[in-house]
Amino acid sequence: MTDTTTAARSRPSAPERARRRRGGGPPGEPRNVAWLYLLPALLVYAAFLLYPLGRAVQISLYDWNGNTLATWAGLDNYVEVVGDPALRASFGHALVLIVFYAVLPVLVGLVLAAILSRAEVRGLAFFRTVVFLPQVVAMVVIAVAWRRMYAPAGSVNDLLGAIGLGGLARGWLGDYTAALPAVGLIGTWFEIGLVTVLLLAGTGKIATELYEAARLDGAGPVREFLSITLPALRGEIAVALTLTVIAALRTFDLVYVTTRGGPGTSTSVPSYEVYNRAFQQGRVGSAAAIAVVLTILIFAISFGITRIADRDR
């Protein structure tokens, strides 16, 4: 009898069950109050991110020069993104830049973090500041400086001549073969500081007892790195890869200042094509289609990196 009474009391009434199915609640319910607090942020997010994104998708479906009346084009602009060899090449260049912006900085950053975390280095804080310095300098300034260094009479060719490799000297940013790697190396130099500081912060959280136990078991520096340091830095590596890959895919200012997509189209990237088509050629619809495809690509790669990092934890 007691059990029956308790079950009847715990069973919700018919109006309560209907309310739960609707997902509603009485005024002042914590969930409703939480949504009220979130509403201003959601409105700002929708106004400054979702609306422009939706507007870009809308424009990408039109043939429009930015001044006259637009005409409906459907998916023609997206077909052009897939079918135009120059546009496909620009996306290929962006993928090449990922190697220079993300892969190389992470590899170099891992080596630097592993060495600095083990060694007693005086002035480590100063070293971190110096390594991080490129991040606080405007990319336009960096691009102008490197453009001078890559010039035929620049310091890069002077250095090659000084070490007996003068035969390799050339106008690096004007060479069809060397221009894209030359631009990519600027990205490598720029991103190494950010990645190294991130990984150094991660190594500081690793318990020293793990290294002491590994040394008692006879592990050397390489085994310690592979068995302790690398697994412990998985989260920091995922963050570093996400940030640097996004930076590689949306590179514009560096390409604009150093090569403007040249020579020919050998260093053109999607973000530069967006600018070129929208403001130089008056093809706003085509530019919007490239921007939408680039956004989807960035989201997909970032989502993939995050999923892989979460799965392996």
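Y256 is partly exposed, with a relative accessible area of 23%; on this scale buried means under 20% relative accessible area, exposed over 50%, and partly exposed in between, with a 1.4 Å probe and protein chains only. Its neighbour in the discussion, F252, counts as partly exposed as well, at 26% relative accessibility.

Before I continue, the status of the coordinates should be clear. This is a predicted model, in which local features need pLDDT of at least 70 and side-chain atom pairs count only at pLDDT 80 or more, while totals for chains, interfaces and linings use all residues. Residues are numbered from 1 along each chain as its sequence is written, and side-chain values use heavy atoms, with hydrogens and water left out.

I turn to the aromatic residues. A pair of aromatic rings is described by the distance of the centres and the angle of the planes. Here, rings of Phe, Tyr and Trp (its six-membered ring) pair if their centres lie within 6.5 Å; planes under 30 degrees apart count as stacked, over 60 as edge-to-face and the rest as tilted. The search of the whole structure finds 11 aromatic pairs. One of them is the stacked pair of F252 and Y256, at 5.5 Å centre to centre and 25° between the planes. Another, Y275 with F279, is tilted, with 5.7 Å between the centres and 40° between the planes. Both Y275 and F279 lie in helix α14 (residues 270-280), 4 residues apart, about one turn of the helix. Helices are DSSP runs of H or I with at least four residues, strands are runs of E with at least two, and numbering starts from the N terminus. F279 is exposed, at 65% relative accessible area. Together with Y272, these four residues, F252, Y256, Y275 and F279, form one aromatic cluster.

Y256 also takes part in a cation-ring arrangement: the charged end of R260 sits over its ring, 4.2 Å from the centre. The criterion is NZ of Lys or CZ of Arg within 6 Å of the ring centre and within 35 degrees of the ring normal. R170 is placed likewise over the ring of W172, 5.3 Å from its centre.

R170 leads us to salt bridges. Side chains of opposite charge can pair when their charged atoms come close. The cut-off is a side-chain nitrogen of Lys or Arg within 4 Å of a carboxyl oxygen of Asp or Glu, and the whole structure yields 7 salt bridges. In the bridge between R277 and E80, the closest N and O atoms are 2.9 Å apart. That pair links distant parts of the chain, from R277 in helix α14 to E80 in helix α4 (residues 76-83), 197 residues apart. Is R277 buried or exposed? R277 is buried, with a relative accessible area of 5%. A network of salt bridges links E80, D84, E273, R277 and R283. R170, partly exposed at 31%, forms a bridge with D175 at 3.6 Å between the closest N and O atoms. For R215 and E224 the corresponding distance is 3.1 Å; R215 is partly exposed at 45%, whereas E224 is buried at 2%.

Finally, the annotation. An unreviewed UniProt entry lists residues 34-53, 94-117, 123-144, 179-201 and 284-305 as "transmembrane region"; such annotations may be inferred rather than shown by experiment. In the model, residues 284-305 are 100% helix and 0% strand, with end C-alpha atoms 32 Å apart.
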